[in-house]
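Open the model in your viewer and keep the selection box handy. We will go from stop to stop, with something to select at each one.

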Amino acid sequence: MLDIIERKFTRMKDELAARVPRGPDLHGHAAVLLALTDEPDPQVILTLRSQQLSSHSGEVSFPGGRWDETDPSLQYTALRETHEEIGLPAEEVRILGPLWTRSTRWHIQVTPWLGIVSADAVLTPNPGELDAIFHVPLSFFLEDPRVRTDRVTIDKTRVYLPAYEYEGYEIWGFTAGVLTEFLVRVLDAPIGRRDDVPLRALN
């Protein structure tokens, strides 16, 4: 499946790269890593944020976080935060490129980066930030076994997002939105609302 993803993503990555926020001051921006394992049915690497955190506690998310003024780019932010959170060194990630920048309900502009990692990569959760690291087969999301469809309004735009449950983990909100947009736009996945009207993308 990865060869299909890379082939289709290549057609759009230049346009996406041109839209990545840049500049000496990227306060209000963040970056995450949508990491896929290098195997026939790629696995998505996800994290469960610690219950002790002051924001987004107990939520499923991609590794990543806020831009720091010492970061030269948002790609660097995604890789730095990934290393800090799950112990994955930047040199072990093959970055394919950026995905679509999305706004969170807290008005943070987040740019996801698509990357490939070894299926044997050793991952260790940062105990101060995460309660768990887990993997979900990409095929699971392609089957769209949602448990509900959430309707949210972000930047005055109404968006319909699927919510999933996998082995006791609830995957919803921003994380589900990034995954859905990736599946629909890159893999032409027929993921729609419950009435089969296509999900609206933010950009």
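**First stop: a loop residue**

Select Pro24, which sits in the loop between helix 2 (13–18) and strand 1. This is a predicted model, so treat each stop as a computed picture. Is Pro24 buried or exposed? Pro24 counts as exposed, because its relative accessibility is 82% and the cut-off for exposed is over 50%. Now add Thr77 to the selection. Pro24 and Thr77 are 53 residues apart along the chain, and their C-alpha atoms are separated by 13 Å.

**Zoom out: the whole chain**

Show the cartoon. The protein chain has 5 helices and 11 strands. Its radius of gyration is 16 Å, close to the 17 Å that the globule rule gives for 203 residues, so the chain is as compact as a globular protein of that length. Along the principal axes, the C-alpha trace spans about 45 × 40 × 35 Å. Of the 203 residues, 51% count as buried. Next, consider contacts between residues at least 6 apart in sequence: 64% of them join residues at least 24 apart.

**Into the core**

Select Leu34, Leu36, Phe141, Ile171 and Phe182. The largest nonpolar core has 38 residues, and these five touch the most other members. Which elements give two or more residues to this core? They are helix 1 (2–10), strand 1 (29–38), strand 2 (43–49), strand 7 (109–118), strand 8 (130–137), helix 4 (138–142), strand 10 (157–166) and helix 5. Colour helix 5 separately: with 6 residues, helix 5 gives the most to this core. Another core, of 18 residues, lies apart from it. Its members include Leu26, Leu74, Trp113 and Leu123. As background, nonpolar side chains tend to be buried together in soluble globular proteins.

Stay with Leu36 and display its surroundings. Beyond residues up to four places away in sequence, Leu36 touches Leu2, Ile5, Pro42, Gln43 and Val44, among others. The list also includes Leu114, Gly115, Ile116 and Val117, as well as Leu138 and Phe182.

**Along strand 1**

Move to Asp38, which is also in strand 1. Which residues are in contact with Asp38, leaving aside its neighbours within four places in sequence? They are Leu2, Ile116, Val117, Ser118 and Ala119. Draw a distance line from Asp38 to Gly115. They are 77 residues apart in sequence, and the C-alpha to C-alpha distance is 9.8 Å.

**Strand 5 and the loop before it**

Select Arg94, in strand 5. Arg94 is partly exposed, with a relative accessible area of 40%. Leaving aside neighbours within four places in sequence, Arg94 is in contact with Glu6, Leu114, Gly115 and Ile116. Pick Ile116 from that list. Arg94 and Ile116 are 22 residues apart along the chain, and their C-alpha atoms are separated by 5.1 Å.

Now select Glu92, in the loop between helix 3 (74–86) and strand 5 (94–98). Glu92 counts as partly exposed, because its relative accessibility is 40% and that value falls between the cut-offs of 20% and 50%. Outside its neighbours within four places in sequence, Glu92 is in contact with Ile116, Val117 and Ala121. For a longer line across the model, add Trp67. Glu92 and Trp67 are 25 residues apart along the chain, with 21 Å between their C-alpha atoms.

**A cavity to inspect**

How many cavities of 30 Å³ or more does a search of the whole structure find? The search finds 1. Its volume is about 30 Å³. Select the lining: Leu99, Trp100, Pro112, Val178, Glu181 and Phe182. By class, the lining has 5 nonpolar, no polar and 1 charged residues. The largest share, 3 residues, comes from helix 5 (residues 173–187). Phe182 is a name you have met already, among the core residues that touch the most other members.

**Last stop: two backbone angles**

Select Asp144, in the loop between helix 4 and strand 9 (148–154). Its phi is near 55°, a positive value in a residue other than glycine. Then go to Asp188, in the segment after helix 5. Asp188 has a positive phi of about 55°, although it is not a glycine. Asp188 is exposed, with a relative accessible area of 52%.

How values were computed
Residues are numbered from 1 along each chain as its sequence is written. This is a predicted model: local features need pLDDT of at least 70, side-chain atom pairs count only at pLDDT 80 or more; totals for chains, interfaces and linings use all residues. Side-chain values use heavy atoms; hydrogens and water are left out. On a 1 Å grid over the protein atoms alone, a cavity is a set of points where a 1.4 Å probe fits but cannot get out, and a pocket is an open set with protein on both sides within 12 Å along at least five of seven lines; lining residues have an atom within 4 Å of a point. Grid points are joined across faces, edges and corners, and a volume is the space filled by probe spheres set on the points. Helices (H or I, at least four residues) and strands (E, at least two) are DSSP runs, numbered from the N terminus. Ala, Val, Leu, Ile, Met, Phe, Trp, Tyr, Cys and Pro count as nonpolar, Asp, Glu, Lys and Arg as charged, and the others, Gly among them, as polar. A nonpolar core is a set of buried Ala, Val, Leu, Ile, Met, Phe, Trp, Tyr and Cys residues joined through side-chain atoms within 4.5 Å. Buried means under 20% relative accessible area, exposed over 50%, partly exposed in between (1.4 Å probe, protein chains only). Contact means heavy atoms within 4.5 Å. The radius of gyration is taken over C-alpha atoms; the globule rule is 2.2 Å times the number of residues to the power 0.38.
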